[in-house]
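Please look through the structure below with its sequence at hand. The paragraphs that follow lead from a single residue to the ligand and then to the cysteines.

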Amino acid sequence: VSRFEGVPMAPPDPILGVSEAFKADKNDLKLNLGVGAYRTEELQPYVLNVVKKAEKLMLEKGDNKEYLPIEGLAAFNKATAELLLGADNPVIKQGLVATIQSLSGTGSLRLAAAFIQRYFPEAKVIISSPTWGNHKNIFNDARVPWSEYRYYDPKTVGLDFEGMIADIEAAPEGSFVLLHGCAHNPTGIDPTPEQWEKIADVIQEKKHMPFFDVAYQGFASGSLDEDAFSVRLFVKRGMEVFVAQSYSKNLGLYSERIGAINVVCSAPDIADRVKSQLKRLARPMYSNPPIHGARIVANVVGDPTMFGEWKQEMEEMAGRIKNVRQKLYDSLSAKDQSGKDWSFILRQIGMFSYTGLNKAQSDNMTDKWHVYMTKDGRISLAGLSLAKCDYLADAIIDSFH
Ligand SMILES: Cc1[nH+]cc(COP(=O)(O)O)c(/C=N/[C@@H](CC(=O)O)C(=O)O)c1O
């Protein structure tokens, strides 16, 4: 009898499992609005032109494939901190930022979780309700206790700001508050600048530690600086901050697994000590990170022409999604006789729309209309074309009523 008798079949991942089901569907009407991955108007995956350009240069240069240091490619770590905080941010010059390249956003979050588990064993993380599906898995597997703070208000299809502040206030002093830097996943609802000020106030008052997950910088509004507003606000206040970054969406490097964990500290020697302990955690976890994606980011950001081309392509991607949002809203408003207010679709930002469809209604979207989406009612507009908006509107209206 096998030693693995006791190993049960794991359930499919709520997000990545949707893509598997989509692939298995033979109906040519099928639409994959599950995974947050950008598609063109022709519904094809998109490799940015600036990435192809950088890779061509890299190939000509003939770089070697030696191990990177545990903390990753130095040129990438410099570029990623400057992109996040602004190249002229004093905290960079003062050596207050500990940056470790890691396995994209997920790996960066997991490395930070391991650090929290080791150095703050009594602390807990509070995460938004709802949040990205993998956040709970990451903290569970890192043995970091978490609880939720109110975020989405189904009545207003907006932010439950009072509830959010109350729950952050009520959390034990010194909790880690996980915040989406921009383009909240799955709701697409972000705090206003004034609300970010209040969130920073309550976090400072309670001596909590802000922990930003920045997976869409530049992709949400089209502007790298605009999308970094919340992080830069907290740093400007002199707060110590964790920030996980990902280049999966904004540079389309999904499977290159390139991201970073940044810890802004209050003194250079503290940053050095924090960095040394993050390295000590990374070494037994994966030893050192993959070089290819790091070189692409460093080359693109390091060359003013390519950096400009990247910003242009980011604006185009963000622009296409905004157009699709508008078209979906127009189709729903034109077709739906119920008088339902669909304007929440226009108020949401980033690649997702949180439709309010419940599980049974989401199942109907898939079973009857071959529209694949996550069961929390989230649809990825990045997987939608203008041409398919009428069809999707029909499916949503049929599923709601
Ligand atoms: C908020 C957030 N944080 C981190 C990640 C991790 O991305 P990485 O590729 O590890 O850098 C994702 C990915 N979100 C999409 C894909 C996924 O679930 O992995 C999604 O929500 O569909 C996020 O949406």
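In which strand does Q101 have its place? Q101 belongs to strand β2, which spans residues 97-103. Before going further, the reader should note that this is a predicted model.

Is Q101 buried or exposed? The relative accessibility of Q101 is 0%, and Q101 is therefore classed as buried, since that term applies to values under 20%. The side chain of Q101 has polar partners in the backbone of other residues. A polar atom of this side chain lies 2.9 Å from the backbone nitrogen of L73. The side chain of Q101 also reaches the backbone oxygen of P290, at 2.9 Å.

A second polar residue to consider is N288. Its place is the loop between helix α11 (268-285) and helix α12 (291-302). N288 has a relative accessibility of 18%, so this residue counts as buried under the 20% limit. The side chain of N288 is in polar contact with the side chain of S287, at 2.9 Å.

Attention now turns to the ligand. Where does the ligand sit? The ligand is found in the largest pocket. There are 17 residues around the ligand, and those that come nearest are S104, G105, T106, D213 and S246. Helix α5, which covers residues 104-119, provides the largest share of this shell, with 3 residues.

Several polar atoms of the protein can be located beside the ligand. A polar backbone atom of G105 is 2.7 Å from an oxygen atom of the ligand. In the case of N185, a polar atom of the side chain lies 2.7 Å from a ligand oxygen atom. For K249, an N or O atom in the side chain is 3.1 Å from a nitrogen atom of the ligand. How much of the ligand's accessible area does the protein cover? On its own, the ligand has 520 Å² of accessible area, and the protein covers 93% of it.

The last topic is the cysteines. A disulfide is a covalent bond that joins the sulfur atoms of two cysteines. How many disulfides does the structure hold? The number of disulfides is 0. Two cysteines may nevertheless be examined for their exposure. C182 has a relative accessible area of 5%, and because this value is under 20%, C182 is buried. C265 likewise counts as buried, with a relative accessibility of 5%.

Conventions. Residues numbered from 1 in each chain as written. Predicted model: local features only at pLDDT ≥ 70, side-chain atom pairs only at ≥ 80, totals over all residues. Heavy atoms only, no water. Disulfide = S-S within 2.5 Å. Buried < 20%, exposed > 50% of the residue type's maximum accessible area, 1.4 Å probe, protein only. Near = heavy atom within 4 Å. Polar contact = N/O pair within 3.5 Å; in protein donor to acceptor, adjacent residues only side chain to side chain. Areas by Shrake-Rupley, 256 points an atom, 1.4 Å probe, with all protein chains shown as cover. 1 Å grid on protein atoms, 1.4 Å probe; cavity = no way out; pocket = protein on both sides within 12 Å on 5 of 7 lines; lining within 4 Å. Sits in = over half its atoms within 2 Å of the grid points. Helix = DSSP H or I, 4+ residues; strand = E, 2+ residues; numbered from the N terminus.
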